[in-house]
Amino acid sequence: MAIKTYKSISRDGKRIMTMDEFKQWLKKFDADNDGRISKEELRNAIYETGGRFARWKSRRAIKSADADGSGFIDENEITNLVDFAEKYLAIRVIYI
């Protein structure tokens with residue numbers, strides 16, 4: 001299944017992704033394949049997709065989405081990261 005996120009742009013300029021596409025997008029940046037996203041991996045994701053202030057945003061994202069305080073975003077915390085992404089990363093996640 002191809003990710004079509006960059007072709008799906010809303011009127012307000014946000015990339016539109018399904019939850020599965022969002023998870024697949026994150027998985028591309030999971031450098032050590034441990035199933036979790038670290039602050040550095042998230043920073044790379046933000047930077048490589050043209051995001052500004054990647055270091056600051058990645059710190060804020062981990063702080064806001066990391067419910068168990070592990071320093072990583074795991075499968076159970078993806079929904080928390082979606083909230084952050086919609087607010088600060090110009091991404092809109094749709095549930096279908």
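This text walks through a predicted model, from its annotated spans to its nonpolar core and one exposed loop residue. Local features need pLDDT of at least 70, side-chain atom pairs count only at pLDDT 80 or more, and totals for chains, interfaces and linings use all residues. Residues are numbered from 1 along each chain as its sequence is written, and side-chain values use heavy atoms, leaving out hydrogens and water.

Start with the record. An unreviewed UniProt entry annotates residues 17–52 and 59–88 as "domain: EF-hand"; such annotations may be inferred rather than shown by experiment. Residues 17–52 are 53% helix and 11% strand. Helices are DSSP runs of H or I with at least four residues, and strands are E runs of at least two. The end C-alpha atoms of this span are 20 Å apart. Residues 59–88 are 60% helix and 7% strand, with end C-alpha atoms 12 Å apart.

Now the interior. The largest nonpolar core has 23 residues. A nonpolar core joins buried Ala, Val, Leu, Ile, Met, Phe, Trp, Tyr and Cys residues through side-chain atoms within 4.5 Å. Phe-22, Trp-25, Leu-26, Leu-42, Leu-81 and Ile-91 have the most contacts inside this core. Helix 1, helix 2 (39–48), helix 3 (54–65), helix 4 (78–88) and strand 4 (91–94) each give two or more residues. Helix 4 gives the most, with five. Leu-42 touches (heavy atoms within 4.5 Å) Leu-26, Ile-37, Ser-58, Ala-61, Ile-62 and Leu-81, not counting residues up to four places away in sequence.

Finally, the loop. Asn-33 sits between helix 1 (19–27) and strand 2 (37–38). Asn-33 is exposed, at 64% relative accessible area. Exposed means over 50%, buried under 20%, and partly exposed in between, with a 1.4 Å probe and protein chains only. The C-alpha atom of Asn-33 is 21 Å from that of Lys-63, 30 residues away along the chain.
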